[in-house]
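Colleague: I am new to this structure and would love a close look at one part of it. Could you walk me through its salt bridges?

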Amino acid sequence: MRLILLGPPGAGKGTQAKSISEKLDICTISTGAMLRAAIRDNTPLGKEAQEYIDKGKLVPDETVVAIVKERLSLPDCEKGYILDGFPRTIAQAEAIDKNGIKIDKVLSLEVDDDVITERLSGRRECKECGATYHILYNPSEKGEKCDKCGGELICRKDDEPETIRNRMKVYHEETEPIKAYYETQGKVVTVKGRDKVEDTQKAVFSALGI
Ligand code: AP5
């Protein structure tokens, strides 16, 4: 399975990518997670990405396409992959086709705008391993610490209300048109995000036939 997860910020793409990846034993390539790791490691890529991410803007297409191409060349991608947060512009979707990157399905995870702010303001992320939680809907059993590694749980800097508004605007203007791009290729399946993570997971597995 070579899958794209499409959806607005906070739709639950990362949460569902984890379940699909475990079920199918394929890797997840999250451009957001890769860029945040580069910021943590203070690399030149991280320095470039930070100024865009902190404002809720998109990192330039050439930069993101280059890191995805490099990641896809690793052996663990041979049996399939999930692209989470990529492509995000029509130019990135065209780059996928131009570079011969194979895509079987595009899962569009749809959540209304008013739910997004609540989801993102309650999100917590592990400082060490990047695992994602929600204070109400998906809490860690260890409270302020990560269930998996015991790391400290923090709010993402781009989950500030003003930055969320910018990310939503960018999503509607630049990312939403990608759905129509893949509809013309007959690859889109749509799932409405539910109130509970487990209910969304069931709907996602059923839509993907897995
Ligand atoms: P990225 O990390 O990709 O952010 P995003 O797309 O905005 O998505 P999020 O990670 O915010 O949300 P998600 O849909 O994964 O939701 P989650 O599962 O966490 O990108 C960050 C930035 O990097 C971008 O703004 C951009 O600057 C840059 N970037 C990345 N890719 C790029 C690209 N291709 N091109 C250019 N720039 C790029 O869930 C959210 C919360 O809700 C969690 O707390 C979760 O526990 C909870 N939750 C999930 N599902 C449910 C449910 N069903 N019910 C209740 N709660 C739920």
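Modeller: Happy to; here is a tour of the salt bridges, pair by pair. This is a predicted model, in which local features need pLDDT of at least 70 and side-chain atom pairs count only at pLDDT 80 or more, while totals for chains, interfaces and linings use all residues. Residues are numbered from 1 along each chain as its sequence is written, and side-chain values use heavy atoms, with hydrogens and water left out.

A salt bridge here is a side-chain nitrogen of Lys or Arg within 4 Å of a carboxyl oxygen of Asp or Glu. The whole structure has 16 of them.

Let us begin in helix 1 (helices are DSSP runs of H or I, at least four residues; strands are runs of E, at least two; both are numbered from the N terminus). K18 and E22 meet there at 3.0 Å, N to O. They sit four residues apart in helix 1, so about one helical turn separates them. E22 is exposed at 54% relative accessible area, and K18 is partly exposed at 42% (exposed is over 50%, buried under 20%, partly exposed in between, with a 1.4 Å probe and protein chains only).

Next, K192 pairs with D112, their closest N and O atoms being 3.3 Å apart. This pair links distant parts of the chain, 80 residues apart: K192 belongs to strand 8, and D112 to the loop between strand 4 and helix 6.

Finally, R36, R123, E125, R156, D158, D159 and R167 are joined in a network of salt bridges.
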